[in-house]
Amino acid sequence: MAKKKRSWLEQFLDPEPEKPPIEDKPNPPVLQPALRQLGTTDCPICKHAVAVFLTKTNRPFINCGFCCARIFYNGKTSMQLLRKRMEPVEED
Ligand SMILES: [Zn+2]
């Protein structure tokens, strides 16, 4: 069976899908979901006030921008101590 040539009208009514142009865009930066801020406390290393965030595994942690210390509060005791010292953030 010979392939019937599409008439201009058929082409007009039912255009063949155009291939999307291959864009050579760099991948957009992957944005990390914002971690919830619990409050602020003093960095145990440099004593600057720093934000306390909650990790995805529900552990408080500090990422000090002044001395670059990263502190994770993994145990019950450290979490209790943190809670005493931390100024809770006001949520809207
Ligand atoms: Zn620090």
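Begin by selecting Val-52 and Ile-62: Val-52 stands opposite Ile-62, which belongs to strand β3. What you have open is a predicted model, and the tour moves outward from this pair to the rest of the sheet, then to a helix, two loop residues and one strand residue.

**The strands around the starting pair**

With Val-52 and Ile-62 still highlighted, extend the selection to the whole of β2 and β3, which run antiparallel and are joined by 3 bridges. These two strands form a hairpin with 5 residues between them, and in the turn you will find Asn-58, to which the tour returns below.

Next, select residues 36–42, which are strand β1, together with residues 49–54, which are strand β2; the two run antiparallel, and 6 bridges join them. Two places in this pairing can be picked out one after the other: Thr-41 stands opposite Val-50 in β2, and Arg-36 has Leu-54 of β2 as its bridge partner. β1 and β2 also form a hairpin, this one with 6 residues between the strands, and Lys-47 in its turn has a positive phi of about 65°.

Now add residues 87–88, which make up strand β5; this strand runs antiparallel to β1, and 2 bridges join them. To see one of these bridges, select Thr-40, whose partner in β5 is Glu-87.

**The sheet as a whole**

Colour the strands separately and follow them across: the order is β4-β3-β2-β1-β5, in an open sheet of 5 strands with antiparallel pairing. At the edges stand β4 (70–72) and β5, and since each has a single partner strand, one side of each is left without a neighbour in the sheet. Then select residues 76–85, helix α2, which packs on the sheet and touches β1, β2 and β3 (60–63), while its direction makes about 75° with that of β1.

For orientation along the chain, trace the elements from the N terminus, where they run α-β-β-β-β-α-β, a total of 2 helices and 5 strands.

**Two loop residues with positive phi**

Go back to Asn-58, which lies in the loop between β2 and β3. Although Asn-58 is not a glycine, its phi is positive, at about 60°. Is Asn-58 buried or exposed? Asn-58 has 7 other C-beta atoms within 10 Å, and it is therefore exposed.

From there, move to Cys-68, found in the loop between β3 and β4. Cys-68 is likewise a residue other than glycine with a positive phi, here near 70°. Cys-68 is exposed because it has 10 other C-beta atoms within 10 Å.

**A stop at Arg-36**

Select Arg-36, whose place is in strand β1, and show its surroundings. With 14 other C-beta atoms within 10 Å, Arg-36 counts as partly exposed. Which residues is Arg-36 in contact with, once its neighbours within four places in sequence are left aside? The contacts of Arg-36 are Phe-53 and Leu-54, and Leu-54 has already appeared on this tour as the bridge partner of Arg-36 in β2. If you then draw a line from the C-alpha of Arg-36 to that of Lys-56, the distance comes to 9.0 Å, although the two residues are 20 apart in sequence.

**Stepping back**

Finally, display the whole protein and colour it by confidence. The average pLDDT of the protein is 85, and 87% of the residues score at least 70. Among the elements, β2 has the highest mean pLDDT, at 95, whereas the lowest, at 80, belongs to helix α1, residues 8–13. In the same overall view, buried residues make up 7% of the 92 residues. Of the contacts with a separation of 6 or more, 28% are between residues 24 or more positions apart.

Terms used: Residues are numbered from 1 along each chain as its sequence is written. This is a predicted model: local features need pLDDT of at least 70, side-chain atom pairs count only at pLDDT 80 or more; totals for chains, interfaces and linings use all residues. Helices (H or I, at least four residues) and strands (E, at least two) are DSSP runs, numbered from the N terminus. A residue is buried if 20 or more other C-beta atoms lie within 10 Å of its own, exposed if 12 or fewer, and partly exposed in between; C-beta atoms are placed from the backbone. Two residues are in contact if their C-beta atoms, placed from the backbone, lie within 7 Å. Two strands pair if DSSP finds at least two bridges between them. Axes are lines fitted to C-alpha atoms, for helices over the stretch in contact, and angles run from 0 to 180 degrees between N-to-C directions. pLDDT is the predictor's confidence in each residue, from 0 to 100.
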